[in-house]
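Let's take a walk through a protein model together. Have the sequence and the 3D view open while you read, and look things up as we go.

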Amino acid sequence: MTLATEPPKANFRLGMLIYDTRYRSYTIQIIVLILFLLGVAWLANNTIENLAAKDKDINFGFLWNRAGYDIDQHLVPYTNDSTHFQALLVGLCNTLLVAVIGCFLSTILGVTIGVLRLSKNWLLSRMMTVYIELFRNVPVVLWIILVYAVLSETRPEPKDFKIVDGTSKASMILNDSFAITNRGTNVPSPLLEHPLPRIELGGYSLNLSVLACIFVVAASIWINRILRRRAAATQEATGIRPTTWWKSLLILFVPIIALLFAMGLHWDYPAFKGFNFKGGLNVAHAFTALTVALTLYYASVIAETVRAGIQAISKGQSEAAAALGLRPGRTMNLVILPQALRVIIPPLISQYLSLTKDTSLGLAVSYLDLRGTLGGITLNQTGRELECMTLMMLIYLIISLIISSVMNAYNASVKLKER
Amino acid sequence: MSLLYIRKDMLGPSAPPASQTGAIRWLRENLFSGPVNSILTLLAIYVLYALISLSWPWLANGVWTASSLQECRSIVAASAGPDAGGACWAMIHERWHQFIFGFYPPDLWWRPILAFGLLFVALAPVLYADNKSAMSKLCGLIGVLAVLCLIGADGFSFHTVLAIALFAGLTAFAATKPRALLTVTILFPFIALWLLWGGSIWGPITALLGFMVMAMIYSLIAPKLGPVMGASLGFIAACLWWLFLQSYVSEAWQALLPLELTYVTSDKFGGFLLAFVIGVASISISLPLGILLALGRRSDMMLIKTLSVGFIEFVRGVPLITMLFTASLLLQYFLPPQTKFDLILRVVILVTIFSAAYNAEVVRGGLAALPRGQYEAADALGLDYWQAQRLIIMPQALKISIPGIVSTFIGLFKDTTLVSFVGLADPLRGITTIVRADINWKGIYWEPYIFVGGIFFIVCFGMSRYSMYLENKLKTDHR
């Protein structure tokens, strides 16, 4: 005797490919796969035909040819005799420089504005609302071009800074250390009297002094963290938190100051000599305009994110903190912000990503970033659109993926640990 | 014996101290509640004063009629003294039409104006689903504005009469049968295409017939083979129609009954006309595409999920500029040799793809926020996948994602300024560069940017306010 547990064995019919949910998904996927492969093949075939018609091939060898154009702002060594690949690196560094400075400044400004927007001060919160709406609702390209136009058209020419009979038409600011002309901003540059030697490593020379500074700062921060962790442990054990602020200050600032003093840091001030400014560093307006505009624009976006995050924390939390007797400042720091941070971080990641991608708008003011070098001059000189564009998109994609994975890892570490 | 004193009536409340009432109290509470707040208030007042004292004379000395920047400056110098600054709005007075219409022929301006008016009529049923009075108010208002613009551009001509009749009729429809306006919404893309570019009317009509073929085949096949098969077969049939039959049919009709408007080439488009064409086209296509991509990303089918994820992450990982350069430089490699492809169309396609990926992520967030019980309940009711999506999932998921979707749209509209990098005359960079290159207006910078920025602000701010209105309207919880 058999129990009727065996389902009736249905014979496979062709119609089941469409009607039976078990097989339908395979049918759909196979059809999609075939269509996708056909599409790719069609595109590839077109590309090959078009390349053949234009007598071109796909070859990245051009990267090792002489670039032959100048880039004023280069963080890695570059002359017009360098290769296109070196130009690519210079462009990448310029992109990252604006991105890092922009993210840093816009976070500070954005968090401040976002908190002030919620302040009880009527006037201040209204002003911040106006700021946010004004910057958020106008294309960022407008701010870039506007800052650039204002800087390069309202500022005096370098020759106006010439002192004739004790007076000049224009004067430098901040104790004669900064000069904003219509060609660029002249700022003091740091110089070292006894710098550490540069070392050659596979064709690139590494600046050991900068590396030493980075190492010392990183070590100080690490030691400071250990100190704070010890203090927290003592507080857990005894209930009394040892005073750490002066130890922290010592650990954070004394080593780096000592190192800089030992290397003989001094500032090279720009000064008007002959027909132009000599000494110091000339920061191009393209860089200033791009950084300032991106900072102001993204500060407004981040401010909205911060406001939404703070408002997402229920009122009970701040009331509970008040019931415990915490002052408003401490409530913000110890209760509201740590919780709001969890809401704020995911959108903040995408703001950072957008900011990094928007550095490519430097095109509007001819800033030579990755798009300006690889996707601009190199592309036009070599005529290799396919290779340059592919490489450029790939690099942007990698930068984006790195930023989002780093920030997602951070997000996972501060996330509320649930079951 | 002591005399007892008993008060019979209550003492009236004494007036609060002067510092606790009226304006003084408000000031104390809102501006000077503590030392920090007082300092911040004073600082804010100072900043405000500095901004106003800097910009007010400049605005007040503004000149509205002049033919060059030099003339502006001499007028300002004559009226307000040699050192006073003054805005030169005369530039906008003289060149506003380039900012709005680009190089569109002036005698044809009635066409974009009419199309812009119809855009709002088409939007009305979407914006205010069942709100008859809001819809008819919007239609009436936009009709009056469009007719005024037409009179301004054209005088009292045949087009004006036509527009008055058209908008009066549409407003009447909105007040009586609001559902009928959805027809306008569906037909609008074809009407706008014809009005803006011109040419034979049979082109858009036969293109519309392609969609009808698709709908017909879908309604025949879907009940038997399911919606996916129906939609794909219908799509194939429509593609066959568009590729092989459409041109013959439209030519035949054109020979029979020639109805056409003057053809305007794409390089005549510019200014806000261009921004709106790209913005509206991309917005309306990218939302459905984004929903499909979001569904693909959450699909159980491995292959579809992988393709969707790859597509979304790739598009979101590269800047829009590189996509636009792909449109202008690389598309010629990927398409069959000798394909000629309108630049505006190429840009619309790439911008659509770009914002579809962002919409997909927003919608995915909405889908993820729905409790699992909703999906299970839909399954328990015996709804199939598409029914469940249409009736249960999407109405809730889209409601959650409204703020995100609208901010994607705002971003898209702002990003239309980037098309200037591939040679189109957008209002911000394209047209302003042309104006600033003019010998008469060389050296002008605040005025054009304030004008263009102002229009962008109005549009984007309007969109964000509308999204807040919608959120409030759809809110069903009681928080």
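## A first look at chain A

Of the 419 residues in chain A, 27% count as buried. Keep in mind that this is a predicted model. The secondary structure of chain A adds up to twelve helices and nine strands. Is chain A a compact globule or more spread out? Its radius of gyration is 29 Å, and the globule rule gives 22 Å for 419 residues; the model's value is well over that, so chain A is more spread out than a compact globule. You can also see this in terms of axes: the C-alpha trace spans about 115 × 75 × 50 Å along its principal axes. And if you take the contacts in chain A between residues at least 6 apart in sequence, 65% of them join residues at least 24 apart.

## What the record says

The UniProt entry, which is unreviewed, carries the annotation "transmembrane region" for several stretches of chain A, among them residues 26–44 and 130–151. For chain B, an unreviewed UniProt entry annotates residues 272–467 as "domain: ABC transmembrane type-1". Here is what the model shows over these three stretches.

| Stretch | Helix | Strand | Distance between end C-alpha atoms |
|---|---|---|---|
| Residues 26–44, chain A | 100% | 0% | 26 Å |
| Residues 130–151, chain A | 86% | 0% | 24 Å |
| Residues 272–467, chain B | 80% | 0% | 22 Å |

## A little sheet

Now look for some strands. In chain A, three of them make an open sheet in the order E1-E2-E9, with antiparallel pairing. Strands E1 (179–180) and E9 (281–284) of chain A sit at the edges, each pairing on one side only. Strands of a sheet pair through backbone hydrogen bonds, either parallel or antiparallel.

Start with E1(A) and E2(A). A hairpin of three residues joins E1(A) to E2(A). Strand E2 of chain A covers residues 184–187, and its antiparallel pairing with E1(A) runs over two bridges. Ile180(A), for instance, stands opposite Thr185(A) in E2(A). What packs on this sheet? Helix H8 (residues 285–312) of chain A does, touching E2 and E9 of chain A, and its direction makes about 60° with that of E9(A).

On the other side of the pairing, E2(A) and E9(A) run antiparallel and are joined by four bridges. One pair to find is Val187(A) and its bridge partner in E9(A), Leu281(A).

In a regular strand the side chains alternate between the two faces of the sheet. Try that idea on E2(A): Gly184(A) and Asn186(A) lie on its covered face, while Thr185(A) and Val187(A) lie on the uncovered one.

## Where chain A meets chain B

Next, bring both chains into view. The contact between them takes 48 residues from chain A and 46 residues from chain B. Several helices of chain A each supply at least two residues to this side, including H2 (21–53), H10 (328–358) and H12 (385–414). Which helix gives the largest share? That is H2(A), with 13 residues. By type, the residues on chain A's side divide into 30 nonpolar, ten polar and eight charged.

## A buried helix and a loop residue

Helix H11 of chain A (370–382) is also on the list of helices that supply at least two residues to the side touching chain B. Many names come up when you ask what is buried in H11(A), among them Leu370(A), Arg371(A), Gly372(A), Thr373(A) and Leu374(A). What do the buried residues of H11(A) pack against? They pack against helix H3 (84–117) and H12 of chain A, together with helix H13 (320–334) of chain B. Just after H11(A), check out Gly383(A), which takes a positive phi of about 70°.

Finally, hop over to Ile71(A), in the loop between H2 and H3 of chain A. Is Ile71(A) buried or partly exposed? A residue needs 20 or more other C-beta atoms within 10 Å to count as buried, and Ile71(A) has 19, so it is partly exposed. Setting aside neighbours within four places in sequence, Ile71(A) is in contact with Tyr78(A), Ala87(A), Val90(A), Leu368(A) and Thr373(A). You met Thr373(A) a moment ago as one of the buried residues of H11(A). Ile71(A) and Arg384(A) are 313 residues apart in sequence, and their C-alpha atoms are 20 Å apart in space.

Key:
Residues numbered from 1 in each chain as written. Chains lettered and ligands numbered in written order. Pairing = 2+ DSSP bridges. Contact = placed C-beta atoms within 7 Å. Axes fitted to C-alpha atoms, helices over the stretch in contact; angles between N-to-C directions. UniProt positions renumbered as here; feature names shortened; annotations may be inferred. Rg over C-alpha atoms; globule rule 2.2 N^0.38 Å. Buried ≥ 20, exposed ≤ 12 C-beta atoms within 10 Å, placed from the backbone. Nonpolar A, V, L, I, M, F, W, Y, C, P; charged D, E, K, R; others polar.
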